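Look at the protein below together with the molecule bound to it. The text that follows goes through the contacts, the pocket and the residues around it.

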Amino acid sequence: MNREIPFLDLVTPHRELQEEFVEVLRKALNSAAFIGGTELEAFEREFATFTGATNCVGVANGTDALRFALMALGVQAGDAVITVANTFIATAEAISQSGARPYFVDIDERTYNMSAAKVREFITTKCHRDASGNVVTSDLGLRVKAVIPVHLYGQMADMDPILAVAEEFGLLVVEDACQAHGAEYFSVKQNAWLRAGSIGHAAAFSFYPGKNLGACGEAGAVTTNSEDVARKIRIIRDHGQAQKYYHDVEGYNGRLDAIQAGFLRVKLRNLAQGNLQRRAAAKRYNELLAETNADVVLPFELVHSKAVYHLYVIRVRNRDEFRERMAEAKVGTAIHYPVPLHLQKAYKHLGYSVGDFPITEAVSAEIVSLPMFPHITEAQIRAVVNHAASVLEGSAAVETLQPVAVS
Ligand SMILES: Cc1ncc(COP(=O)(O)O)c(C=O)c1O
């Protein structure tokens, strides 16, 4: 029997919550409160509480969240912002669209996240201090204002050393938490487990439907512990106005609508459980793949980190062939991301070339994301592993795997 295993099943969870979603719609239709209002405010309060940040500002999508966070923190034309090249393009788009120039650094080979050592190396070898003591890039003389670590695939970047470098060189830190709703990190410095979104000067979340917390459309949010940053973002998202038709600055139409906020409130109640299910699924993948002879690199979780597995990403040698063979077996896979940003056509003008970020490039040629969603079953995971093993071992499907209880 060969049943299809989708890369992502978005239908089942929405079907299960349909009545609650209909209630949200009914409430909105009966009150005509479509923009702003109590539903939005309640979501903002609840999501801030979930992350541990003191403020949350709902916006139209994750890209707006990143861009507005940078703008509210004062990033502008003439500035430089450091990030990684193995991320969704929105991270860099937000930097360019705030007027700044993105500079990329290489990643940690185990976690695929930003390497604090590479940030330091960039600052100490490619930048210098100007007369006022600000760090500026040596090629273009741009002031290095901020750094954006991306919590890729649901695992937080190693924030203690990143924050230490940022503090040493006077940089602001914006977390790209678009894939990391509920991810946790033990900060030795603060002696506490902290959630994604509570640790930088501001953090951006995407609620694109497939995310761990996904809307039924477009949505995003910024979290921050700064009242001032939150206030500025509320103005930027609403055409630069704090009072209707009195525009203090030129802003955007970047609001989160009330219906999406209502849907998100429903789904937020299920987020912690969904994250636990994802972690359990990742554990099963790890256990079962480790029992095979497949030549594969499993995801690496730092001991002081609790990833929420937005994606379950392995490394294999003949990636394209692997994907083809998995597709033949009706197993959905994806690549996040096939071309690092420094080699994308859109960023050709930044002047990077092949070889600039060896780890990022090596990883991007081998990564493949396996099916991952909260309600993926033991049988589906076993089938994926069996097919993967048969491709990677070049042998028949592994029949010897014994069931192991999911914790
Ligand atoms: C790492 C990362 N950054 C930014 C974004 C942008 O979010 P959105 O698609 O909601 O604009 C996404 C989502 O796709 C993402 O995965």
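A polar contact here is a pair of N or O atoms within 3.5 Å. The model is a predicted one, and the ligand can be examined with that cut-off in mind. An N or O atom in the side chain of S206 is 2.7 Å from an oxygen atom of the ligand. The ligand also has an oxygen atom 2.5 Å from a polar side-chain atom of T63, and for Q179 the distance from a polar side-chain atom to a ligand oxygen is 2.9 Å. How much of the ligand does the protein bury? On its own the ligand exposes 380 Å², and 93% of that is buried by the protein.

Next comes the place where the ligand is held. The ligand sits in the largest pocket, which has a volume of about 520 Å³. This pocket is lined by 25 residues, and nearest its centre lie F88, S206, Y208, K211 and Y337. Two elements, α4 (62-72) and α5 (90-97), give two or more residues to the lining. The largest share, three residues, comes from α4. Sorted by class, the lining has 12 nonpolar, 10 polar and three charged residues.

The shell around the ligand can be described in the same way. It holds 15 residues, and the closest are G62, T63, D176, S206 and K211. Here too, α4 and α5 are the elements that give two or more residues, and α4 gives the largest share, three residues. By class, the shell divides into six nonpolar, seven polar and two charged residues.

Note on methods
Residues are numbered from 1 along each chain as its sequence is written. This is a predicted model: local features need pLDDT of at least 70, side-chain atom pairs count only at pLDDT 80 or more; totals for chains, interfaces and linings use all residues. Side-chain values use heavy atoms; hydrogens and water are left out. On a 1 Å grid over the protein atoms alone, a cavity is a set of points where a 1.4 Å probe fits but cannot get out, and a pocket is an open set with protein on both sides within 12 Å along at least five of seven lines; lining residues have an atom within 4 Å of a point. Grid points are joined across faces, edges and corners, and a volume is the space filled by probe spheres set on the points. Helices (H or I, at least four residues) and strands (E, at least two) are DSSP runs, numbered from the N terminus. Ala, Val, Leu, Ile, Met, Phe, Trp, Tyr, Cys and Pro count as nonpolar, Asp, Glu, Lys and Arg as charged, and the others, Gly among them, as polar. A residue is near a molecule or strand if one of its heavy atoms lies within 4 Å of it. A polar contact is a pair of N or O atoms within 3.5 Å; within protein, one must be able to donate a hydrogen and the other to accept it, and residues adjacent in sequence count only if both atoms are side-chain atoms. Accessible areas come from the Shrake-Rupley method with a 1.4 Å probe; for residues, only the protein chains shown count as cover. A molecule sits in a cavity or pocket if more than half of its atoms lie within 2 Å of its grid points.
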